[in-house]
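Biologist: I am new to this structure and would like a close look at a single part of it. Please take a helix and the sheet it lies against, and then lead me from there to the rest.

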Amino acid sequence: MAVAVEAIPSVVLDDQYRIVGVSRAAEAGLGPFCGQNLLDCFPGSRPLFLPYMKEAQRTGRVVRFAQYFDGYVAEWKIVPAETTLTLSWERLCMLDVLTLDGLRASLHNVLDALRAKEDALHREVVRGSLRVIQGGR
Amino acid sequence: MNDLRFVVDGDDRITRVADEHRATMARYLGHPLWTYLPGSEPVLSPIFEEARETQERVESTVFYAGGTVDVRVTPADATLAVRLRRRTDLNVRTLATLAQSLRSIEAELAARERVRPDRLAPASPRALP
């Protein structure tokens, strides 16, 4: 089981969003940034990720969302603990920048994947809310 | 790929590379250029063909491998001396930066297309009586 967890790229952040832990799968990309603010390490990431991080901190609930960043669309998951956030992600599709034709095609795929995942996550949230409402009756 | 200089033969095989690229390109000598630069054939071969047909230097700007590349092809007998120089990089960081850099790359390619000389023009006076 531990191996499976390690196979998923993830990063643990403290309450100031500094990197305090990195899974083996994310070690190559994020290991060198340990101790630094994750959002400072990746310019442009702040407006895309900070609102979700704050939501996870504020509500104490797991937050899942779809986001494009750095050539990939991924499903991101933020799990809050007492003073930390664990951010993990699963890449869904990648931008192909080799040729203009490839870029055009993959851009459509990226936008479609983003929309589809956002819709799926939204439906999941709605279903979850309905279950809460129905359970409360 | 910031600045590449090499020579290809009539079948687009790499026959010579600049000294500074020997470490990375030497093993591709004798191989088609398209094995070293995958996906570049539809982009570069029309420029190569034009240089071969006109036997004149052809310069162009194309999109390849994440950005625009200035291409200069100089024919010499049966070979082509090719220079590829990276001009701009696509910024894929966020959808906003991607959209912005796509717009500037499109404008850059369109501008380059507009200033490209008419290859038939120099021959036209010779057709006059």
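Modeller: This is a predicted model, and a good place to begin is helix α4 of chain A, residues 46-59, which lies across three strands of that chain, namely β3, β4 (72-80) and β5 (85-94), and runs at about 170° to β3(A). Those three strands belong to an open sheet of five, whose order in chain A is β2-β1-β5-β4-β3, with antiparallel pairing. Because β2 (19-22) and β3 (63-69) of chain A each have a single partner strand, they stand at the edges of the sheet, and one side of each is left without a neighbour there. If direction is ignored, neighbouring strands of this sheet are turned by 25° against each other on average.

At the β2 end of the order, strand β1 of chain A, residues 10-13, runs antiparallel to β2(A) and is joined to it by three bridges. Within that pairing, Val11(A) has Val22(A) in β2(A) as its bridge partner.

From chain A one can pass to chain B through the contact between them, where 12 residues of chain B meet 12 residues of chain A. On the side of chain B that touches chain A, seven of the residues are nonpolar, four are polar and one is charged.

Chain B itself has five helices and five strands, and along the sequence these follow the pattern β-β-α-α-α-β-β-β-α-α. Of its 129 residues, 20% are buried, and among contacts in chain B between residues at least 6 apart in sequence, 33% join residues at least 24 apart.

In soluble globular proteins, nonpolar side chains tend to be buried together. Here the largest nonpolar core has 25 residues, and those with the most contacts inside it are Val8(B), Val62(B), Val71(B), Val73(B), Leu80(B) and Val82(B). The elements of chain B that each give two or more residues to this core are β1 (3-8), α3 (41-54), β3 (58-63), β4 (67-76), β5 (79-89) and α4 (95-115), and the largest share, four residues, comes from α3(B). Apart from this core lies another, of 11 residues, which includes Tyr17(A), Leu38(A), Val63(A) and Leu85(A).

To see one of the core residues in its surroundings, take Val71(B): leaving aside residues up to four places away in sequence, Val71(B) touches Leu44(B), Ile47(B), Glu59(B), Ser60(B), Thr61(B), Val62(B) and Leu84(B).

Technical notes. Residues are numbered from 1 along each chain as its sequence is written. Chains are lettered from A and ligands numbered from 1 in the order in which they are written. This is a predicted model: local features need pLDDT of at least 70, side-chain atom pairs count only at pLDDT 80 or more; totals for chains, interfaces and linings use all residues. Two strands pair if DSSP finds at least two bridges between them. Axes are lines fitted to C-alpha atoms, for helices over the stretch in contact, and angles run from 0 to 180 degrees between N-to-C directions. Two residues are in contact if their C-beta atoms, placed from the backbone, lie within 7 Å. Ala, Val, Leu, Ile, Met, Phe, Trp, Tyr, Cys and Pro count as nonpolar, Asp, Glu, Lys and Arg as charged, and the others, Gly among them, as polar. A nonpolar core is a set of buried Ala, Val, Leu, Ile, Met, Phe, Trp, Tyr and Cys residues joined through C-beta atoms within 7 Å. A residue is buried if 20 or more other C-beta atoms lie within 10 Å of its own, exposed if 12 or fewer, and partly exposed in between; C-beta atoms are placed from the backbone.
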